[in-house]
Amino acid sequence: MIELDDKFQKIVDDIRALRIQGATNIAIEGVKAFSSLAERIDFSSLPDYFEHLKKASIILSTARATEPALRNGLHFILYELEHQASSVSEAKELVSSLSQKYVEMLKDSKRKVISYGAHRIRDNSVIMTHCHSSLSTGIIIEAHRQGKNIEVFLTETRPKWQGRITAKEMVDAEIPTTMVVDSAMRYVINRHNVDIVITGADAITSQGTVINKIGTRLLALAAREMDVPFYTAINLLKYDASTTIGKLSAIEFRPPSEVWEDPPKGLKILNPAFETVSRDLIDGVITEAGIFAPSLVYMIIKENYPFMLLNE
Ligand code: RUB
């Protein structure tokens with residue numbers, strides 16, 4: 001175990017406890033924390049410095065198991081440092097510009113996802129979403145800003161209530177919004193003329209399977225039953241490169257106490273944070289490279305982000 005300073009440990013704890021929440025925010029705050037740690041620590045030998053950074057990167061990337069956008073950022077910074085720096089001081093000079101570059105890639109891809117996604121929303125639409133995804137809320141708010149008449153239904157998202165973050169953003173933007181309990185998601189699609197479902201995602205695999213908050217597949221199944229198009233708003237920096245070589249994406253399980261703090265003795269509680277949505281349930285992924293079928297993801301990654309395929 002390495003010694004971590006309080007500043008770094010605080011970010012790791014905030015990510016674990018969901019005080020920093022949503023894949024894009026986690027990736028941005030995670031790479032910033034990594035870069036500022038890399039500037040603070042002192043080692044006379046470059047291999048020792050890199051060894052320390054690699055351990056720090058593992059601690060950050062395992063704070064939440066299902067967050068490839070953070071993992072890809074840390075790999076990107078470490079890979080470039082190892083290839084460009086020949087001393088600790090050179091590495092320290094480089095690290096902040098590399099982390100800024102990755103943060104800019106995340107922000108730029110988010111701007112594009114929001115712009116393309118907003119085009120997809122028709123005037124007079126009823127939109128349904130789940131959990132809190134800054135890409136999905138960005139799309140909805142942009143469509144509203146463009147003067148489209150829209151209405152939103154959202155789920156509360158048990159057990160951590162991320163739907164409330166989405167609800168506040170929608171209400172602040174003055175978008176007519178209704179919240180339901182998670183188990184009412186099919187009811188809403190059936191009875192409230194939902195035109196389009198848009199959710200975010202934490203990860204996408206080489207086969208085009210998307211991973212997002214638990215409940216997302218149920219929403220996709222309900223949408224399919226009623227022939228309502230289901231879209232995933234995702235920047236491709238969330239590609240899980242380990243799936244290219246056959247590994248399975250990890251699904252994070254969180255503490256049972258989030259579901260019930262004081263359960264009766266002997267009760268087992270399962271608290272999966274995420275679940276998969278197969279590509280056949282997804283009409284399109286809304287990405288920075290455009291809107292396309294999820295099965296095309298590997299080809300697009302190869303063209304746009306070849307560095308990710310060096311990770312594993
Ligand atoms: C959040 C969640 C979001 C994705 C995408 O889960 O599932 O849909 O992270 O977020 P949690 P974004 O609250 O457990 O982190 O679109 O902001 O990247």
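**Reading a two-domain model with a bound ligand**

The area buried between domain 1 and domain 2 comes to about 2000 Å², and carbon and sulfur atoms give 56% of that area.

Reader: Before the details, what kind of model is this, and which domains does the chain assignment give?

Author: The model is predicted. The domain assignment of the chain gives domain 1 as residues 6-110 and domain 2 as residues 120-310. Their contact takes 21 residues from domain 1 and 27 residues from domain 2. Taken over C-alpha atoms, the centres of domain 1 and domain 2 are separated by 26 Å.

Reader: How should I read charged pairs, and how many salt bridges are counted between domain 1 and domain 2?

Author: The general idea is that side chains of opposite charge can pair when their charged atoms come close. In this structure, two salt bridges are counted between domain 1 and domain 2. R71 also forms a salt bridge with D240, with 3.3 Å between the closest N and O atoms.

Reader: How many residue pairs are in polar contact between domain 1 and domain 2, and which elements supply the side of domain 1 that touches domain 2?

Author: Nine residue pairs are in polar contact between the two domains, with both residues at pLDDT 80 or more. On the side of domain 1 that touches domain 2, the elements giving two or more residues are α2 (23-40), α4 (68-84) and α5 (88-120). Of these, α4 gives the most, with six residues. By residue class, that side of domain 1 divides into 11 nonpolar, five polar and five charged residues.

Reader: How many salt bridges does a search of the whole structure find, and where in the chain do E82 and K54 lie?

Author: The search of the whole structure finds 16 salt bridges. One pair to examine is E82 and K54, whose side chains meet in a salt bridge at 2.8 Å, N to O. This pair links distant parts of the chain, with E82 in helix α4 and K54 in helix α3 (residues 46-61), 28 residues apart.

Reader: Turning to the ligand, how many residues surround the ligand, and which are the closest?

Author: The ligand is surrounded by 18 residues, of which the closest are T24, S134, N212, K213 and K238. For T24, an N or O atom in the side chain is 2.5 Å from an oxygen atom of the ligand. A23 instead places a backbone N or O atom 2.8 Å from a ligand oxygen atom. Q21 has a polar side-chain atom 3.0 Å from an oxygen atom of the ligand.

Reader: Finally, which backbone geometry should I inspect: what is the peptide bond from R158 to P159, and what is the phi of N193?

Author: The peptide bond from R158 to P159 is cis, with omega near 0°. P159 lies in the loop between β2 (150-155) and α7 (162-172). N193 is not a glycine, yet its phi is positive, about 50°. The loop that holds N193 runs between α8 (185-191) and β4 (196-199).

Note on methods
Residues numbered from 1 in each chain as written. Predicted model: local features only at pLDDT ≥ 70, side-chain atom pairs only at ≥ 80, totals over all residues. Heavy atoms only, no water. Domains from an automatic or database assignment. Contact = heavy atoms within 4.5 Å. Buried area = accessible area lost by both parts, 1.4 Å probe. Salt bridge = Lys/Arg side-chain N within 4 Å of Asp/Glu carboxyl O. Polar contact = N/O pair within 3.5 Å; in protein donor to acceptor, adjacent residues only side chain to side chain. Helix = DSSP H or I, 4+ residues; strand = E, 2+ residues; numbered from the N terminus. Nonpolar A, V, L, I, M, F, W, Y, C, P; charged D, E, K, R; others polar. Near = heavy atom within 4 Å.
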